[in-house]
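Thanks for letting me take a few minutes this morning. I would like to walk you through one protein model, going from its interior to its pockets, and please keep the picture in view as I speak.

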Amino acid sequence: MSLGIYFCGSIRGGRQDVEIYSRIIKHLKKFGTVFTEHIGNPTLNVKGEDEVKGGDKYIHDRDLKWLEEADVIVAEVTQPSLGVGYEIGRAMHMNKKILCLFRTSSNHFLSAMIRGAENGTNLQVKDYREQELETILQQYFEERLQA
């Protein structure tokens, strides 16, 4: 069974973690189709997909469609991003399974609105170090596939 996976990572909020996003997406592809592979593209800058015909409205509507189609949402939440927070909120409203990844070595603090929403069932927050990424994703998806 191949899952539809929606990956969230900062674009306009800052691209400092694009290499990590790319690594996460590479691992996620082992478990299914990643609708948002472009998030890990190093040529995508903070302006995002400005050249997309239809602009911001098109991006919003397309991404919501992908969010609705996804079986699971994986969000790298270390870099603060309004868009990622919005996507998580919408996914929670849709009762999607959500994994939030927060890198503890950063100089950021995870929003209480994300950490406080963790309920262990449909929303999980995993603090991680980069070398733990593959193991965390493997364990999460093994549990998800058994549920």
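**Cores, pockets and one loop residue**

Let us begin inside this predicted model, where the largest nonpolar core has 23 residues, and where V74 and F141 are the ones with the most contacts within that core. The elements that each give two or more residues to this core are β1 (3–8), α1 (18–28), β3 (72–76), β4 (97–103) and α5 (133–146). If we leave aside residues up to four places away in sequence, F141 touches L3, I5, L28, F31, V72 and V74. There is also a second, separate core of 20 residues, and among its members are C8, F35, A70 and L110.

As for confidence, the protein averages a pLDDT of 92, with 96% of the residues scoring at least 70, and the mean is lowest in α5, at 88, and highest in β3, at 98.

Turning to the pockets, the largest holds about 480 Å³ of space, and of the 25 residues that line it, I11, I59, D63, G83 and E87 are the closest to its centre. The largest share of that lining, seven residues, comes from α2, and the lining as a whole divides into eleven nonpolar, eight polar and six charged residues. The second largest pocket, at about 170 Å³, has a lining of eight nonpolar, six polar and no charged residues.

Finally, is N95 buried or exposed? N95 sits in the loop between α3 (82–93) and β4, and it counts as exposed because its relative accessibility is 59%, over the 50% cut-off.

Notes:
Residues numbered from 1 in each chain as written. Predicted model: local features only at pLDDT ≥ 70, side-chain atom pairs only at ≥ 80, totals over all residues. Heavy atoms only, no water. Core = buried A, V, L, I, M, F, W, Y, C linked by side-chain atoms within 4.5 Å. Buried < 20%, exposed > 50% of the residue type's maximum accessible area, 1.4 Å probe, protein only. Helix = DSSP H or I, 4+ residues; strand = E, 2+ residues; numbered from the N terminus. Contact = heavy atoms within 4.5 Å. pLDDT = per-residue confidence, 0-100. 1 Å grid on protein atoms, 1.4 Å probe; cavity = no way out; pocket = protein on both sides within 12 Å on 5 of 7 lines; lining within 4 Å. Points joined across faces, edges and corners; volume = space filled by probe spheres on them. Nonpolar A, V, L, I, M, F, W, Y, C, P; charged D, E, K, R; others polar.
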